[in-house]
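Let's walk through how some helices pack against one another here. Have the fold open as you read.

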Amino acid sequence: MKSLFLSALLGALIFPMTTEAKTETLVLGGGCFWCTEAAYDLLPGVKSVVSGYAGGTTMNPTYQEVCSETTGHAEVIRIKFDPDKVSLREVLGYFWEIHDPTTLNRQGTDVGTSYRSIILYANEEQRLAAEASKQAAQATFRDPIVTEIVPLKKFWPAEDYHQNYFEKNPSQGYCRAVIAPKIRKLEQKLGQKDK
């Protein structure tokens, strides 16, 4: 019995039963984080999306502080994705489709630096990929892309009530008028209703 247990243990160490899936992380902002979070929740290969703040100077900012336009932060999302299912290039390509990167400090009726278009890179690979993606995307826009590409210093998760906001509040006015139509278009484009 003991030898059977030892051989099973040795087998598990040499040939593990499960392999841990790879995960990469990217932080970006394209206006209201409720919209971008809902959009990236649709993309196959995305494991999680967290709304938050980045690109500013205040430590641990609150929503009210960010909205006051005094902290320098943008509303952003932190995306964790499986690079075997969706590449960094595809995650960045999707970014140009889900918002207007040609409007400075504005997305629709949301106005201010907290709604700016921004990609915050964690390493040189992400910086190069973001720059190449921006250059390629420019061919599809008449106006110049104004998206900032800057190093990520710190990501601050937003308050709990902002997380999965569209999923939790589909009947809320902003969700019905702004997010729901965008999500329907993205679902049609992706050819799916669920991830």
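H2 and H7 cross in a right-handed way; that label applies when the near helix is turned clockwise from the far one by less than a right angle, and anticlockwise would make it left-handed. This is a predicted model, so local features need pLDDT of at least 70 and side-chain atom pairs count only at pLDDT 80 or more, while totals for chains, interfaces and linings use all residues. Residues are numbered from 1 along each chain as its sequence is written, and side-chain values use heavy atoms, with hydrogens and water left out.

Helix H2 covers residues 33–41 and helix H7 residues 173–190, and they pack at about 30° with axes 10 Å apart. Helices here are DSSP runs of H or I, at least four residues long, numbered from the N terminus. Axes are lines fitted to C-alpha atoms over the stretch in contact, with angles from 0 to 180 degrees between N-to-C directions. H2 and H7 are therefore roughly parallel (angles under 35 degrees). On the H2 side, Trp-34, Cys-35, Ala-38 and Ala-39 make the contact, meeting Tyr-174, Val-178, Ile-179, Lys-182, Ile-183 and Leu-186 of H7 (contact being heavy atoms within 4.5 Å).

Now for the other pair. The axes of H4 (residues 88–98) and H5 (residues 124–138) come within 10 Å and cross at roughly 45°. H4 and H5 are therefore oblique to each other, a term for angles that are not under 35, over 145 or from 65 to 115 degrees. Their crossing is right-handed. H4 brings Leu-88, Leu-92, Gly-93 and Trp-96 to the contact, and H5 residues there include Ala-129, Ala-130 and Ser-133.

Terms used
Helices (H or I, at least four residues) and strands (E, at least two) are DSSP runs, numbered from the N terminus.
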